[in-house]
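These are my notebook entries on one structure. I set down what I looked up, in the order in which I looked.

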Amino acid sequence: MSRNRRTAFRSSRASRATRAIAVAAALTAFATACTHSSGTSHAAPSQAPTTDTPGQVTVHEADVDLTITDAVAHLDSAGNGTLTMAVRNDSGVPEHLDMVGTPDAGRGAIAGAGKSGAPGSLMDAGIYLPDGTTVTFGGTGPTVTFSAVHGVTAAHTLPLMLQFGVARLVHLSARVVTTG
């Protein structure tokens with residue numbers, strides 16, 4: 001094998017190893033965030049939330065101006081229920097909420113509201129959040145439904161990971177209200 005091919009092969013292995021380490025670190029960080037019980041809100045590593053209040057997070061970064069307020073997980077004793085929240089997008093570009101992750105690799109089921117292309121509707125990229133709008137989840141708006149969720153903290157919060165198209169991963173601790 002020529003020297004150039006050996007160097008390219010080693011470089012390829014090093015690149016794969018670096019990616020594997022990065023993925024492992026990200027998974028570890030998420031697992032740690034999900035078991036952390038301080039009730040603070042977290043954004044992706046490059047984003048800094050501006051509030052430490054459960055149920056709220058604001059992300060301001062380059063192309064992102066996103067505010068989530070009044071995040072409440074309404075759960076029964078089996079961990080079934082819904083998430084209510086208001087999401088304000090002032091980023092200058094449309095945003096989409098694609099996924100809501102819960103502790104223990106759970107996921108909330110998202111469903112849109114209204115006609116395709118309307119704020120809060122479900123599109124291929126997720127729940128549509130146009131620039132300059134506030135979309136309220138729950139009631140007549142889009143919904144997030146949970147089944148058998150685990151991980152409610154002693155502070156009565158539920159660590160969540162929200163995946164947005166532009167803002168990327170945003171960590172949030174929703175307040176928990178027990179239902180029926």
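**Entry 1: Alanine 125**

I began with alanine 125, which I found in the loop between strand E7 (122-123) and strand E8 (126-129); strands (E, at least two residues) and helices (H or I, at least four) are DSSP runs, numbered from the N terminus. The model is a predicted one, in which local features need pLDDT of at least 70 and side-chain atom pairs count only at pLDDT 80 or more, while totals for chains, interfaces and linings use all residues. Residues are numbered from 1 along each chain as its sequence is written, and side-chain values use heavy atoms, with hydrogens and water left out.

I asked whether alanine 125 is buried, partly exposed or exposed. Its relative accessibility is 40%, and alanine 125 therefore counts as partly exposed; the cut-offs are under 20% relative accessible area for buried and over 50% for exposed, with partly exposed in between (1.4 Å probe, protein chains only).

Which residues does alanine 125 touch, if those up to four places away in sequence are not counted? I listed His96, Leu97 and Asp98, where contact means heavy atoms within 4.5 Å. For histidine 96 I also noted the C-alpha to C-alpha distance to alanine 125, which is 6.2 Å across 29 residues of sequence.

**Entry 2: The chain and its confidence**

I counted one helix and twelve strands in the protein chain. The order along the sequence is α-β-β-β-β-β-β-β-β-β-β-β-β. Of the 180 residues, 38% are buried. Taking contacts between residues at least 6 apart in sequence, I found that 58% join residues at least 24 apart. The accessible surface is about 9500 Å², and carbon and sulfur atoms hold 55% of it; the areas come from the Shrake-Rupley method with a 1.4 Å probe, and for residues only the protein chains shown count as cover.

The mean pLDDT of the chain is 81, with 71% of residues at 70 or more; pLDDT is the predictor's confidence in each residue, from 0 to 100. Over residues 5-14 pLDDT stays under 50, and the model has one contact there beyond four places in sequence. Residues 22-50 also stay under 50, with 50 contacts beyond four places in sequence. Where pLDDT is low, the predicted coordinates should not be read in detail.

**Entry 3: Strand E3 and its partners**

I next followed the pairing of E3; two strands pair if DSSP finds at least two bridges between them. E2 and E3 run antiparallel and are joined by five bridges. They form a hairpin with two residues between the strands, and histidine 60 has aspartate 65 in E3 as its bridge partner.

E3 pairs with strand E4 (residues 81-89) in the antiparallel sense, over eight bridges. Here leucine 66 is bridged to asparagine 89 in E4. The hairpin of E3 and E4 has five residues between the strands, and glycine 79 in this hairpin takes a positive phi near 85°.

In which sense do E3 and E12 run? They are parallel, with four bridges; histidine 74 has valine 177 in E12 as its bridge partner.

Valine 64 lies in E3. At a relative accessible area of 6%, valine 64 is buried. Its C-alpha is 9.3 Å from that of glutamate 95, and the two are 31 residues apart in sequence.

**Entry 4: The largest nonpolar core**

The largest nonpolar core has 29 residues, and Ile68, Leu97, Phe137, Phe146 and Phe164 touch the most other members. Such a core is a set of buried Ala, Val, Leu, Ile, Met, Phe, Trp, Tyr and Cys residues joined through side-chain atoms within 4.5 Å. Its largest share, six residues, comes from strand E3 (residues 64-75). Leaving aside neighbours within four places in sequence, I found phenylalanine 137 in contact with residues including Leu83, Met85, Val87, Leu97, Ile127 and Pro142.

**Entry 5: Salt bridges**

How many salt bridges are there? I recorded two, each a side-chain nitrogen of Lys or Arg within 4 Å of a carboxyl oxygen of Asp or Glu. Glutamate 61 and arginine 168 form a salt bridge at 3.2 Å, N to O. This pair links distant parts of the chain, E2 (residues 57-61) and E12 (residues 168-178), 107 residues apart. Arginine 168 is partly exposed at 34%.

Arginine 88 and aspartate 90 form a salt bridge at 3.0 Å, N to O. Arginine 88 is partly exposed at 29%, and aspartate 90 is partly exposed at 36%.
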